[in-house]
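User: Hey, got a minute to go through this one with me? I'd like to talk about rings and chain contacts.
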Amino acid sequence: MSERPIDALDKAKGKKVFIKLKNTEEVTGTLKALDLHLNLWLEEAEIQGKEDKKKFNILLIRGDNILYASPV
Amino acid sequence: MSERPIDALDKAKGKKVFIKLKNTEEVTGTLKALDLHLNLWLEEAEIQGKEDKKKFNILLIRGDNILYASPV
Amino acid sequence: MSERPIDALDKAKGKKVFIKLKNTEEVTGTLKALDLHLNLWLEEAEIQGKEDKKKFNILLIRGDNILYASPV
Amino acid sequence: MSERPIDALDKAKGKKVFIKLKNTEEVTGTLKALDLHLNLWLEEAEIQGKEDKKKFNILLIRGDNILYASPV
Amino acid sequence: MSERPIDALDKAKGKKVFIKLKNTEEVTGTLKALDLHLNLWLEEAEIQGKEDKKKFNILLIRGDNILYASPV
Amino acid sequence: MSERPIDALDKAKGKKVFIKLKNTEEVTGTLKALDLHLNLWLEEAEIQGKEDKKKFNILLIRGDNILYASPV
Amino acid sequence: MSERPIDALDKAKGKKVFIKLKNTEEVTGTLKALDLHLNLWLEEAEIQGKEDKKKFNILLIRGDNILYASPV
């Protein structure tokens, strides 16, 4: 069966991913789960904003905020 | 069965969560209920705006305003 | 059965609610009816804009304008 | 049966309504028909823009432009 | 049967209509066809922009750009 | 059967069309295929931006970017 | 059977494509998979931003960010 675009990320479950948000912030973390809207559950996540860096043990990103994602 | 991204928050029911809104405001509160749109029912919630802090015993956030969420 | 986020407001029918709009305006009024989109029917409503206050006996707010809502 | 938010306007059919648009323009007119998207058919409508007032015998407003509506 | 908002325009098929776009441009033309999204097929259409006027024998406007419409 | 708005473009398959994007860029090309979202497949396309002109042998425009379209 | 707009890209699987994002960034890469929302899985991708160029072995672009796409 032909692959779906989301499989590019699905293969990265349990591994580190890089996420670029539409608001230009950048997120890294270990991918725990994802769905077709690109809602993402990350663990040990870091969000690099314009001025500061935030860390979260568990992070849920609402998919509509995502510009692109990439396994690291 | 594999987990869904929203389970990251679902596990935090009855516990404190941190919510980042698209408008950059930050909300904390105890998570009472959530749905697939990420509509959230919080209790003992605080919203930190640019200039002031607001407190609500009961707060319903419309899910489309949410950037990300994290159990505290 | 587990509760839905919208039940936070549904319980406030007939009572006063506070609504924050995405455009930063604030609305108070007595909640008469609501639906899953968060379309709201308020009575004896007041809208506090940046410069003026408007009063309406009956007010229908289109749900997609809402940031959050809270029973007062 | 419990009422829906849109019934707040539905009761105003044949009567004058006030509409606030997301772009801040204000519209008044006699409500002829409405649907669940809040698409509105008004008659003898006036639109008050920032600089001028426009009049229309028949006016169809696309619902997604509406902030709130109220029977006058 | 009760009328729908879109019937306000549907009655104007074959006649001249005035369209206001969300981007503030104004369009006039003869209405040939419309659908529930307010996609419009106009003929002999003129678009009045901020600086210039464009003419089209046949014009298809994507409905989500429309603010309001009125039979002339 | 009554015509749909999209038929205004459908008749132009194999012919040259003019497309205005919401971002104000203008596109011309030969229409190869279209769907109900107004996704467009153009051939020998030119995009006139504010500063430069780009040419593409094959171009797929995502429909939600389109303001209006017209057979040339 | 008549072709769909997305077939313009589907034919380019395994080949290099050029993607223009709504935020004006430009992406090139080898197309591995796509779906009807225009979610794209690219390999050996480069993103040219206003100031810097980023490279990704595997890249998933969320379809709603795309302005247009073209096989190179």
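Analyst: Sure. One definition to start: a charge sits over a ring if NZ of Lys or CZ of Arg is within 6 Å of the ring centre and within 35 degrees of the ring normal. And keep in mind that this is a predicted model.

User: OK, so which ring does the charged end of Lys32(F) sit over?
Analyst: That would be Trp41(F), with the charged end 5.4 Å from the ring centre.

User: And what about Lys32(C), how far is its charged end from the ring centre?
Analyst: For Lys32(C) the distance is 5.4 Å, and the ring underneath belongs to Trp41(C).

User: Switching to ring pairs. How many aromatic pairs are there over all chains?
Analyst: The count is 14 over all chains. One of them is Phe56(B) with Tyr68(C), an edge-to-face pair with centres 5.5 Å apart and 65 degrees between the planes.

User: Where do those two sit?
Analyst: The pair crosses between chains: Phe56(B) is in strand S4 (residues 53–61) of chain B, and Tyr68(C) is in strand S5 (residues 66–71) of chain C.

User: Are they buried or exposed?
Analyst: Phe56(B) is buried at 10% relative accessible area, and Tyr68(C) is buried too, at 2%. Both get that label because buried means under 20%.

User: Which residues cluster with Phe56(G)?
Analyst: Phe18(A) and Tyr68(A), linked with Phe56(G) through ring pairs.

User: Last topic: how far apart are the nearest C-alpha atoms of chain C and chain F?
Analyst: They're 19 Å apart, and the two chains don't touch. Chain B and chain G have no contact either, with their closest C-alpha atoms 15 Å apart.

How values were computed. Residues are numbered from 1 along each chain as its sequence is written. Chains are lettered from A and ligands numbered from 1 in the order in which they are written. This is a predicted model: local features need pLDDT of at least 70, side-chain atom pairs count only at pLDDT 80 or more; totals for chains, interfaces and linings use all residues. Side-chain values use heavy atoms; hydrogens and water are left out. Contact means heavy atoms within 4.5 Å. Rings of Phe, Tyr and Trp (its six-membered ring) pair if their centres lie within 6.5 Å; planes under 30 degrees apart count as stacked, over 60 as edge-to-face and the rest as tilted. Helices (H or I, at least four residues) and strands (E, at least two) are DSSP runs, numbered from the N terminus. Buried means under 20% relative accessible area, exposed over 50%, partly exposed in between (1.4 Å probe, protein chains only).
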